[in-house]
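Colleague: I would like a close look at a single part of this model, the small sheet and the core around it. Please take me through it step by step.

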Amino acid sequence: MEATDTVGELIVLQEIDLEIIRIRSELGALEEEIEGLVTTVEEFQEREAKVQAKLAEADERVRRYQRSVEAGRDILKRLETRSSAVENMQQHFAVRSETDTARRNLKSAEDDQLSAMQEVETFKADLAEITAELDAAQAGLATRTAEVKKSRKSLEGELDSHTSTKETQEERLDGKSLRLYRTVSNGRTESALASLTSDGCCGRCYTAVPKQRQADIRAGRALAICEGCGVILYPEVSDA
Ligand SMILES: [Zn+2]
């Protein structure tokens, strides 16, 4: 096979390879997108669980202070009964002092209960907000998962078809040229081939190509590699 024919076949092979790279990168991007949406849902779930735990704790505090308030009211009632039955000034002052303390304790328990109730309200509002965001994130994930499933199926179909076209195209090339192409294109996501410029440079990196090699390339005698960037060089396409 003439080198010029080989170059033509390599260009076709490369077009197929670039399509395969494009499809794989699209598949990768879709996978990343879904992973990102899953992470967002999981973050909301974590936040929701934390706020639920805080809400449960605050509820427990409200109940605990409620018991203190009730106990405090019982104590005051008992002190009222005692105060109506005092027999001397000493008892009167003792009951009054205990009543003052009991009132302070009750007031403090009532304040604590009120602030715990306010915390409950705050956590409930936070929870409602997070739950709404979680619902939206879950709905978004479900929608995108269904869409991505379709896109994937279509991309995978394209990939299968390009893979079989690639095999057919590879069979058209001689082993040596194919190995060279594979070495050059390995790991590249852009063109493994470049044309010579009209002034004899690599069309990719503009490294000057020695005169003799330029002549070989133009005559189609051999495949040549650019010394600058390593791509396979082929004759310039004339604009005429
Ligand atoms: Zn180059």
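Modeller: What follows goes from the sheet to the core, then to a helix that contributes to the core, and ends with two exposed positions elsewhere. The model is predicted.

The sheet is open and has three strands, placed in the order S1-S3-S2 with mixed pairing. S1 covers residues 193–195 and S2 covers 224–225; both are edge strands with one partner strand each, so each has a side that lacks a neighbour in the sheet. S3, residues 232–234, runs antiparallel to S2, and the two are joined by two bridges. In this pairing, isoleucine 225 lies opposite isoleucine 232 of S3. As general background, strands of a sheet pair through backbone hydrogen bonds, in parallel or antiparallel fashion.

The largest nonpolar core has 18 residues, and the ones that touch the most other members are Val231, Ile232 and Leu233. Two or more residues of this core come from each of helix H1 (3–83), helix H3 (175–185) and S3. H1 gives the largest share, four residues. In soluble globular proteins, nonpolar side chains tend to be buried together.

Valine 231 can be followed through its contacts. Apart from neighbours within four places in sequence, valine 231 is in contact with Val184, Ser191, Ala192, Leu193, Ala194, Cys202, Arg204 and Cys226. Among these partners, Val184 is one of the buried residues of H3, together with Ser177, Tyr181 and Ser185. Viewed down the axis of H3, the buried residues fall within an arc of 90°, so they line one face of the helix. Gly175, Lys176, Arg179 and Thr183 are exposed on the other side of H3. Just after H3 comes glycine 187, with a positive phi of about 80°.

Two positions in another helix can be set beside this part. Lysine 153 belongs to helix H2, residues 89–171. Lysine 153 counts as exposed because it has 10 C-beta neighbours inside 10 Å. From lysine 153 to glutamine 66, 87 residues apart along the chain, the C-alpha separation is 60 Å. Threonine 163 is also in helix H2. With 12 other C-beta atoms within 10 Å, threonine 163 is exposed; the cut-off for that class is 12 or fewer. Threonine 163 and alanine 128 are 35 residues apart in sequence, and their C-alpha atoms are 51 Å apart in space.

Methods
Residues are numbered from 1 along each chain as its sequence is written. This is a predicted model: local features need pLDDT of at least 70, side-chain atom pairs count only at pLDDT 80 or more; totals for chains, interfaces and linings use all residues. Two strands pair if DSSP finds at least two bridges between them. A nonpolar core is a set of buried Ala, Val, Leu, Ile, Met, Phe, Trp, Tyr and Cys residues joined through C-beta atoms within 7 Å. A residue is buried if 20 or more other C-beta atoms lie within 10 Å of its own, exposed if 12 or fewer, and partly exposed in between; C-beta atoms are placed from the backbone. Two residues are in contact if their C-beta atoms, placed from the backbone, lie within 7 Å. The arc is that of the directions from the helix axis to the C-beta atoms.
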